[in-house]
Amino acid sequence: WGSSEPRPPAAGPGQPSPQQRTETLGFYESDRGRKKKRSLSDLSLLRFISAELTRGYFLEHNEAKYTERRERVYTCMRIPKELEKLMFFGIFLCLDAFLYVFTLLPLRVFLAMFRFITLPCYGLRDRRLLQPAQVCDMLKGVILVICYFMMHYVDYSMMYHLIRGQSVIKLYIIYNMLEVADRLISSFGQDILDALYWTATEPKERKRAHIGVIPHFIMAVLYVFLHAILIMVQATTLNVAFNSHNKSLLTIMMSNNFVEIKGSVFKKFEKNNLFQMSNSDIKERFTNYVLLLIVCLRNMEQFSWNPDHFWVLFPDVCMVVASEIAVDIVKHAFITKFNDITADVYSEYRASLAFDLVSSRQKNAYTDYSDSVSRRMGFIPLPLAVLLIRVVTSSIKVQGVLAYVCVVLFYCGLISLKVLNSIVLLGKSCQYVKEAKMEEKLFNPVPTATPGKPAGKQQGTFKSTQGISTDENGSTSVTNQPVHQKENMPSLLITSNSDQFLTTPDGEEKDISQDSSELKHRSAKKDLLEIDRFTICGNRID
């Protein structure tokens, strides 16, 4: 080496020399430099755009997620068909209960009066002068007649001009207030009628726990009269909207339906809540149809029944009906989407409504079908029938023998329509009940609630296996036959929890804690038979 510096040790056998190590290190450094230059060249704009255009992915890596999204789309596509099938069935149920007031109820009242008059000829073989169902029919007929004569003191023309003189915004507010008032008064009205029926038919040997039949009767008459006036104001407001020149009020009232979407879509709904909303929509749609009929009758009367004026009203009528259908479809489609509810649930709702109709035809039925519809949907036919009779009698003048013959033929046609509608509905209802496998519930013994318990403790008490719930005070049906009660007394005195009755065999006893735990696991399909229009279906408070 020629210097005083120490000489590096010689490489051992199999090891690279220092010169070779230096050359190898230089090669790696040059290779790293070339890679660095290549990575900088990869960050060019053209390569980024090329990568974005050619980048791929595989949807099957998350197959479950995309399958669920596709099923949601299919569910939304099925909602209009399933919903309209339920609406179609429910509207004909309301029509059946509505036609009953005009057709079979007068005949039943006549038969009850004939029995009462001819009772001395047959002797007092029964302690009751009339059967409970006949007493209820007599009460309905008397209320209908009294309210009809009371409605003659209400001037429809004065009400029309009074409402027409208001501003558009004020009428819009009034119409919304009337809708809210209609729902509130309907929820209380059926309780008033049920209380009257039960007070009038309650067995006399029981201890008196009521204020008497006469006060209940007066309350029922006032309720029907006030509710009929409220519906008349609704019909008058709608008539003003139809007759306005620029149709601005009608447009505002139709836009109110779309506001309903905002108030209901973005809320949490369970199957029971959706069932209540469906019943409310059925009742609302049928009521709107009757209101449109009243508006058309009043307008046709003002134009001397000129058929050309009907075709002037027809586009507006179709617009109102189409907006109502569109709002219901959009509302239910998004509610089922946001709450993961399948479209098959509407078949369950239809089967529950069919169960009410089939059970009302049983020998041990304990309520009339029109009352069952009132509790289930909130549709009470008496006030609407009083208003329609008042409008028809004031709009159509009957003079001459031929006119009376036409009235008789029209009444016979209504009876034929009622009978045909009832037969078709009963056949379809039997079909829906069999498809839902609910036949065995028709023959189960009916437990009744213990009347001494408070309402808060009656949450689990079985109200009805036939789809009609009792009232909050624990009272039984309004049309129970006392004779049948005495014959079936051992089976009817059973007091069992509804969850225990629906989920466990007969005779099996469980603790209250076990019953409360089963509340969370009970299927919604069985809950539907206990839900009426005005039941709170949220979280239950014990």
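I started with the second largest pocket: its lining residues split into 30 nonpolar, 2 polar and no charged. For that split, Ala, Val, Leu, Ile, Met, Phe, Trp, Tyr, Cys and Pro count as nonpolar, Asp, Glu, Lys and Arg as charged, and the others, Gly among them, as polar.

Note to self: this is a predicted model, where local features need pLDDT of at least 70, side-chain atom pairs count only at pLDDT 80 or more, and totals for chains, interfaces and linings use all residues. Numbering runs from 1 along each chain as its sequence is written, and side-chain values use heavy atoms, with hydrogens and water left out.

I looked up terms next. On a 1 Å grid over the protein atoms alone, a pocket is an open set of points with protein on both sides within 12 Å along at least five of seven lines, a cavity is a set where a 1.4 Å probe fits but cannot get out, and lining residues have an atom within 4 Å of a point. Points join across faces, edges and corners, and a volume is the space filled by probe spheres set on them.

Back to the pocket: I get about 1,200 Å³. Of its 32 lining residues, F102, I389, V392, F410 and L414 lie nearest the centre. α16 gives the most, with 9 residues; helices are DSSP runs (H or I, at least four residues), numbered from the N terminus.

Then I checked cavities and found 9 of 30 Å³ or more. The second largest holds about 160 Å³. Its lining has 13 residues, with Y175, L238, N257, N288 and V320 closest to the centre. I sorted that lining into 8 nonpolar, 2 polar and 3 charged.

Technical notes: Helix = DSSP H or I, 4+ residues; strand = E, 2+ residues; numbered from the N terminus.
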